[in-house]
Each structure stands twice: as structure tokens, then as C-alpha cells.
Amino acid sequence: MDIADFLDQGPMDYMVVDSHQRDLHDRVAAQTAPDTFIVWEAKDTYTAGRRTKPADIPNKEIPVIQMDRGGSVTYHGPGQLVIYPIIKVRAPRDVVAFVRAVERAIIAALDEAWEIDSCQVEGRSGVWICRPGVEDRKICAIGIKFADDATMHGLAFNVSTDLAKFGQIVPCGLDDAGVTSLHELGVTASLEEAAAALLPHLESELGRFANRATAPISRIPTHTK
């Protein structure tokens with residue numbers, strides 16, 4: 001799979017990358033572009049998925065972008081690694097299985113790179129840090145959409161994210177769980193290092209869904225409008 005890596009551009013405007021994502025998605029769906037991971041970091045942004053309820057955004061003063069992905073409201077911002085897998089998928093299309101595969105990839109990367117135990121939580125998407133007697137904390141949020149037999153949107157992995165920014169919302173619509181980051185767990189890592197740890201596992205898990213044979217990961221030149 002190809003990688004469109006925008007990390008060297010620093011935090012980017014959400015809608016600029018969304019426009020790039022949609023253009024690439026259309027071309028991947030039409031099989032005129034290869035399956036691609038978009039890797040980037042966002043400026044401070046709140047986005048709301050299709051399952052967002054009014055109570056999930058108690059602070060009505062914050063600007064929230066409505067998006068066509070799954071899930072509820074979440075925060076994107078500096079220190080968070082965002083990866084969009086844009087993949088032409090083969091039949092049968094199963095968004096739940098795809099999300100579970102993303103979760104397995106992140107869990108494997110956390111264990112291999114940093115020896116961090118993480119888990120899936122039944123009935124809830126994302127990757128979680130679960131400890132006895134402690135509130136479950138999400139380290140990676142996931143929101144995926146299938147359109148024209150190709151995926152869009154993806155995952156937000158907290159590396160050194162300002163977790164206080166999640167206090168303006170009910171993250172992912174869950175008022176009985178928290179959020180965490182690599183930094184909070186005692187790990188110092190750059191977004192580039194986190195991407196290097198996650199991408200091989202994502203390629204391995206998600207390549208199984210691809211409609212086309214996948215080539216080894218390669219980076220492609222990136223630009224923004």
C-alpha cells in the first residue's frame with residue numbers, strides 16, 4: 001500500500017485533509033489510484049459522527065464539524081496521530097470486521113513497540129487500556145465509512161495529545177470511560193515513531209480486505225492545496 005505522509009507539515013486544517021481524502025477515495029474506489037494510508041496531524045478540531053447525540057456536546061459554544069463517519073463526537077489536535085486507510089475492499093463488505101481488524105493492529109503495535117497491554121471492549125469500538133479497579137481509557141478512537149466499495153476516515157491514536165481538550169465533550173458518547181495517551185502511560189514517542197510502529201500492523205491486518213493484491217508499503221509525494 002502507498003502512504004501519503006503529511007506529518008512533516010505539522011498540524012493541518014481538518015477540512016483541507018478531508019478534501020484530499022475524498023478526492024483520493026473516489027480514485028481508489030474507481031481503481032485509478034492504489035490503496036493508500038493518509039497519515040497526518042490535525043489542528044484543534046471537534047468532529048461529530050452519525051451517532052452523536054446532543055448530550056455528547058454539553059458545551060454548545062465549541063465549533064463541531066459534522067462528518068459522515070461512524071461513531072460519536074471526538075477531538076483531533078496536535079500530538080495525535082491520525083491515519084485514514086483508503087482501501088478498495090472486496091465482497092462481502094463488513095465494516096464491523098474492518099474496525100475489529102484495525103483494533104487488532106493497534107493492539108499488536110502497542111505490545112510490540114512499547115510492551116503496553118491493551119484490549120478490545122465488547123460493544124465499543126477503539127482500543128482500550130483496561131486495568132482492574134480503574135476506569136477503562138481509550139487510547140485510539142476509530143470511525144470508518146464504506147462508500148463505493150472503498151473505506152474512508154479511520155483512526156485517531158493519542159501519542160502526546162492534550163487530553164484536557166476531551167473535557168469539552170463526551171468522547172465517543174461514552175460517559176463511563178476515559179481517554180489516555182502514550183505520554184500519560186509513560187511513553188515518550190514522536191508521531192513519526194508511532195506511525196512507524198502502527199503502519200506495518202495495519203497493512204498486515206487490512207490487506208486481507210483489499211480487492212487488489214497489495215504491494216510493499218511505499219511513500220508517495222504529498223502536497224496540500
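**Reading helix α2 and its surroundings**

Me: Where do I start with α2, and what do its buried residues pack against?

Reply: Keep in mind that this is a predicted model. The buried residues of α2 pack against the strands β6 (80-86), β7 (119-121), β8 (124-129), β9 (137-147) and β10 (150-158), and also against α3 (191-206).

Me: Which residues of α2 are the buried ones?

Reply: Buried means under 20% relative accessible area. In α2 that gives you F98, V99, A101, V102, E103, A105, I106, A109, L110 and W114.

Me: What span should α2 have, going by its residue count?

Reply: Count 1.5 Å a residue: the 20 residues of α2 (residues 95-114) should then span 28 Å, and the end C-alpha atoms are indeed 28 Å apart, so the two agree.

Me: And what goes on at the ends of α2?

Reply: At the N-terminal end, D94 acts as a cap, with a side-chain oxygen 3.1 Å from the backbone nitrogen of V96. Just after the helix, E115 takes a positive phi of about 55 degrees.

Me: Is D5 buried or exposed?

Reply: D5 sits in strand β1 (residues 2-5). Its relative accessibility is 19%, so D5 counts as buried. A polar atom of the D5 side chain lies 2.9 Å from the backbone nitrogen of L7.

Me: How do I judge the overall fold?

Reply: Try the radius of gyration: a compact globule of 225 residues would have one near 17 Å, and this chain has 16 Å, which agrees. The chain holds 3 helices and 12 strands, and 53% of its residues count as buried. Among contacts with a separation of 6 or more, 71% join residues 24 or more positions apart.

Terms used
Residues numbered from 1 in each chain as written. Predicted model: local features only at pLDDT ≥ 70, side-chain atom pairs only at ≥ 80, totals over all residues. Heavy atoms only, no water. Helix = DSSP H or I, 4+ residues; strand = E, 2+ residues; numbered from the N terminus. Expected span 1.5 Å × (residues − 1). Buried < 20%, exposed > 50% of the residue type's maximum accessible area, 1.4 Å probe, protein only. Contact = heavy atoms within 4.5 Å. Polar contact = N/O pair within 3.5 Å; in protein donor to acceptor, adjacent residues only side chain to side chain. Rg over C-alpha atoms; globule rule 2.2 N^0.38 Å.
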